[in-house]
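Colleague: Could you walk me through this one? I'd like to hear about its charges, its surface and its core.

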Amino acid sequence: MSNNNVDQSTKAAQDKKRILELMLKKKGVLSKNENQPALIPRRNDANDLALSNAQQRLWFLEEFTVDTVAYVFCNRVDLKGEIDLPILHKAYQVIADRHEIFRTSYQQKDGIPVQKIHQNISIDFPLIDLHDLSENERQIKLQQVIEQESRKPFDMSVAPLMRMCVVRLTEQHHVILQTIHHIVYDGWSLAVIYNELKSLYDAFISGRENPLPELDIQYADYASWMRGSLDSDEMKEKLEFWKQNLAGDLPILELPVDKPRPVSQSYNGALHRIKFSDGLTSSLKKFASQNECTVFMVLMTAFKILLHRYTGETDIIVGTPVANRNYHQIEKLIGLFVNSLVLRTSLENDPDVTELISRVRGAASNAFANQEVPFEKIVDELNIERDISHNPVFQTMFAFQNTPDLPEKIGDADMELEILDNGTSVFDITLNLHDSDEGIYGYIEYCTDLFERQTIERMVVHYQSLLESMISNPANRISQLQLLGRDERNQILNSWNQTSVDYSTDRCIHQLIEAQAQSNSAAKAICHEDNQLSYAELNTQANQLARYLQLHGVGAEKIVGVCMDRSIEMFVAILGVLKAGGAYLPLDPGYPNDRLSFMLEDTAAEILITKQSLVDGLPEHNAKLVCLDSDWDEIKQQETDNLNAEVSPDNLVYIIYTSGSTGKPKGVMVSHRNLVH
């Protein structure tokens, strides 16, 4: 065996080991770290506490964006059943007293943000009582309150950066609106809050004391320790990995958008919710097991294929959040611990599904092994030129949440939580999925400055179609995977190809125009520059010309040349020829004389309609000239009613000549039936 094969086998084994550890952590087997040494000390200095790297980035972003709620989360908690609101309020207050992060404001000192921890902060618990309203009025008012709460920004210099609102719909149904700024909170924190809330409420309602143990450290301790650890040799080695992984020009993912990208991000956005079928969820988990990877990696692979198929790019960079809670001391803390990992994958050479999963698995394995380096530190080290129109490094985010489970009850009340749409999007697109007993569900958060809702709905269908195609055809190359959903495929292949239409088979083209002139006489028929004719006017003038032509021998399939510039008169000439029963020969006055002469001679045209200004430029010919301008006084003396020419749909309507590029031009004869079709 070659050394290269040995290296690849070793790398594959290391990747599988890391993946196994990730899977075990997700199941909770490796998350019980009570025996892990206490590595994070309590801080010594209580003044001018530094923010964590993630907090500092959010703070600066807020400073440059006025009144934004891009980093504000609003959660709706429905409590159905008996609930004691004063006890619930007390439980929330204890959580705020217990976690310094809820008693922290963020001040500026010499241009640098610092944390200020307050000793006492009261959590307001206002009640909006709607139970006397009708069901319809309650829902309308509730939605108004949600809109107001979710879109109200915070002043980060004022604690707490959490606000509560209780809406009573009925005596047995209350809605808790909890709005929190991201600088003090992340997805894992959500589970910490509600599991503590349950423990506290259940204890207080039973007359017991606070059952929660004292916290070893607070978030400010972690922030101080994290900043100090960045200078360690281990962290420098991990940072070096990221500098190499993200070396060179980083591609900007330009998805096909519905609107031009604004000069600067507005963070305007919306949510589109997703729910996978039970069948797809089951197939995904089985497929992941067969390929010795996690469901996250299969979902990420499909997402990267989707982005590749949309853009044609082969260097695909996607961000993904990690809980970043690798120490038992911070598992029970509330705060912004989440870190953004960068997963860079090459889709070059059109790999098959199995090969691409292997590439994603390797990229994920390496990224998770170096996850402690703050994303903000990586951006600083890469010295990326900032562009206010999009995010640095990656413009799309993929999340597959494995945070702790939320309680299903608070006291005797059933609890159900929903993350609300606050009308913002930090990235162009964020695909956020969650695994549960009911299957995989989630949402796409998207920038409404770039995308219409219909585009995102179609994108979700394409994503699920790719997943199904991957699972069914793992040996297929990614270019062969089915992108379109069943309905869209049917629309393109079948519905849009149903081009057969009913049309008249027993009438000529001029008879159809006569019918239009009778039913819709005043409607515009022809417009040219500042001139126009209605259907009635066109029909009248063509009738007069047709009778004039019949007087000069025009009848069924007699060829009449029409040599005129594009004009209203040209249409009168053509329709007049048809009404007389003849067939017209289009002669472009811009053609060379020898071509015009050949066409007139080849068709034996006996009459040539033109204008006086074009006569001198015509070749020699034997046809009788009819000049619409100089002869019109005579023509308009004819009757204006419709003629009854003996012409059938199978008679000739015109002759058109080929270009003659491969020899002499050839005349193609077209019947009325062909033209009507």
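What follows is a short exchange of questions and answers about this model.

Modeller: Before you start, this is a predicted model, where local features need pLDDT of at least 70, side-chain atom pairs count only at pLDDT 80 or more, and totals for chains, interfaces and linings use all residues. Residues are numbered from 1 along each chain as its sequence is written, and side-chain values use heavy atoms, with hydrogens and water left out.

Colleague: How many salt bridges does a search of the whole structure find?

Modeller: Side chains of opposite charge can pair when their charged atoms come close. Here the test is a side-chain nitrogen of Lys or Arg within 4 Å of a carboxyl oxygen of Asp or Glu. Searching the whole structure with that gives 29.

Colleague: Asp129 and Arg168 form a salt bridge; how many residues apart in sequence are the parts they tie together?

Modeller: Their side chains meet at 3.1 Å, N to O. Asp129 sits in strand 5 (residues 127–129) and Arg168 in strand 6 (residues 162–170), so the parts being tied together are separated in sequence by 39 residues. Helices (H or I, at least four residues) and strands (E, at least two) are DSSP runs, numbered from the N terminus.

Colleague: And is Arg168 buried or exposed?

Modeller: Buried means under 20% relative accessible area, exposed over 50%, and partly exposed in between (1.4 Å probe, protein chains only). Its partner Asp129 is partly exposed because its relative accessibility is 37%. Arg168 has a relative accessible area of 17%, so it counts as buried.

Colleague: Glu372 has a salt bridge too; which residue is its partner?

Modeller: The closest N and O atoms of this pair are 3.6 Å apart. The pair links distant parts of the chain, 134 residues apart: Glu372 is in the loop between helix 10 (353–369) and helix 11 (375–382), and the partner is in helix 7 (residues 233–245). Glu372 is buried, and so is that partner, Lys238.

Colleague: Which strand holds Asp435, the residue that pairs with Lys285?

Modeller: The two side chains meet in a salt bridge at 3.3 Å, N to O. Lys285 belongs to helix 8 (residues 278–290), and the pair ties together parts that are 150 residues apart in sequence. Lys285 is partly exposed, at 35% relative accessibility. As for Asp435, it lies in strand 14.

Colleague: Which residues are linked with Arg43 in a network of salt bridges?

Modeller: This one is a network, with Arg43 as one of the linked residues. The others in it are Glu100 and Asp221.

Colleague: Now the core: how far apart in space are Ile180 and Cys74?

Modeller: Ile180 is in strand 7 (residues 173–181), and its 0% relative accessibility makes it buried. In sequence, Ile180 and Cys74 are 106 residues apart. From C-alpha to C-alpha, the gap in space is 6.5 Å.

Colleague: How many disulfides does the structure hold?

Modeller: A disulfide is a covalent bond between the sulfur atoms of two cysteines. The criterion is a pair of cysteine sulfur atoms within 2.5 Å. Cys293 is buried at 2% relative accessibility, and Cys508 is buried at 0%. The count of disulfides is zero.

Colleague: Last one: which helix does Leu493 lie in?

Modeller: Leu493 makes a nonpolar surface patch of about 340 Å² with Ile492 and Trp496. Patches are made of residues with over 30% relative accessible area and no salt bridge, like charges being joined within 9 Å and nonpolar side chains (Val, Leu, Ile, Met, Phe, Trp, Tyr) within 5 Å. Leu493 is exposed, with a relative accessible area of 56%. Its helix, residues 486–493, is helix 13.

Definitions and conventions. Accessible areas come from the Shrake-Rupley method with a 1.4 Å probe; for residues, only the protein chains shown count as cover.
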